[in-house]
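Colleague: I've got this model open at my desk and I keep coming back to one helix. Could you take me through that part slowly, with its neighbours, in plain terms?

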Amino acid sequence: QDIVEYTRSPGVYYSKVLRQALEQTPVDYVTLIRTIVGHQEKDLCEIGLEYSKIYDETLDQTIKARVDVMEIKRLFILIITHGHDIMANDIDQVLFD
């Protein structure tokens with residue numbers, strides 16, 4: 001099943017993988033890190049687009065809402081926003097369009 005879904009749309013497949021990792025208690029950080037760090041910028045853009053289509057929120061909004069460790073949030077947002085660094089105390093003020 002996973003192979004078929006991946007073949008049809010890798011972006012949709014990885015969106016679902018990320019969502020499952022974020023919904024686990026505790027959050028599956030290993031899967032999050034492997035999935036996000038293991039993809040190129042263009043792949044992350046496609047994954048992010050598919051994620052927002054499926055779940056009606058952006059991937060960075062979900063990460064901000066579900067990941068409690070501030071440094072991990074900052075790392076993920078830094079990766080997703082293509083290197084736009086933000087300070088830990090500014091993380092709640094950042095808006096992504």
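Modeller: Sure, here's the helix itself, then its rings, then what sits around it.

This is a predicted model, so to speak of local features we need pLDDT of at least 70, and side-chain atom pairs count only at pLDDT 80 or more, while totals for chains, interfaces and linings use all residues. Residues are numbered from 1 along each chain as its sequence is written, and side-chain values use heavy atoms, with hydrogens and water left out.

Quick backdrop: the chain has six helices and zero strands. Helices are DSSP runs of H or I, at least four residues long, and strands are runs of E, at least two, all numbered from the N terminus. Of the 97 residues in the chain, 34% are buried, where buried is under 20% relative accessible area, exposed is over 50%, and partly exposed is in between (1.4 Å probe, protein chains only).

Now to H4, residues 41-55. The helix has 15 residues, which at 1.5 Å a residue should span 21 Å, and its end C-alpha atoms are indeed 21 Å apart. (The expected span is 1.5 Å times one less than the number of residues.) Which residues of H4 are buried? They are Leu44, Ile47, Glu50 and Tyr51. Those residues sit on the same side of H4, because they cover an arc of only 130° around the axis; that arc is taken from the directions from the helix axis to the C-beta atoms. Flip to the other side of H4 and you find Lys42 and Lys53 exposed. Just after the helix, aspartate 56 takes a positive phi of about 60°.

Next, the rings. The structure holds four aromatic pairs. Tyrosine 51 and tyrosine 55 make a tilted one, 4.8 Å centre to centre with 50° between the planes. To pair, rings of Phe, Tyr and Trp (its six-membered ring) need centres within 6.5 Å; planes under 30 degrees apart are stacked, over 60 edge-to-face, and the rest tilted. These two tyrosines are four residues apart in helix H4, so about one helical turn separates them. Their surroundings are not alike: tyrosine 51 is buried, with a relative accessible area of 0%, whereas tyrosine 55 is partly exposed, at 23%.

What else does tyrosine 51 meet? Threonine 62, for one, touches Tyr51 along with Arg19, Leu22 and Glu57, not counting residues up to four places away in sequence; a contact is heavy atoms within 4.5 Å. Threonine 62 lies in helix H5 and is buried, with a relative accessible area of 0%.

Two of those partners, Arg19 and Leu22, are among the buried residues of H2, so let's follow them there. H2 (residues 10-23) has 14 residues and reaches 20 Å from its first C-alpha to its last, close to the 20 Å expected. H4 is part of what covers the buried residues of H2, and the cover also includes helices H1 (2-8), H3 (29-37) and H5 (59-66). One of the buried H2 residues, alanine 21, is at 2% relative accessibility. Alanine 21 touches Val27, Asp28, Thr31 and Leu32, again leaving out residues up to four places away. The C-alpha atoms of alanine 21 and leucine 32 are separated by 6.4 Å, though the two are 11 residues apart along the chain.

Note on methods:
The expected span of a helix is 1.5 Å times one less than its number of residues.
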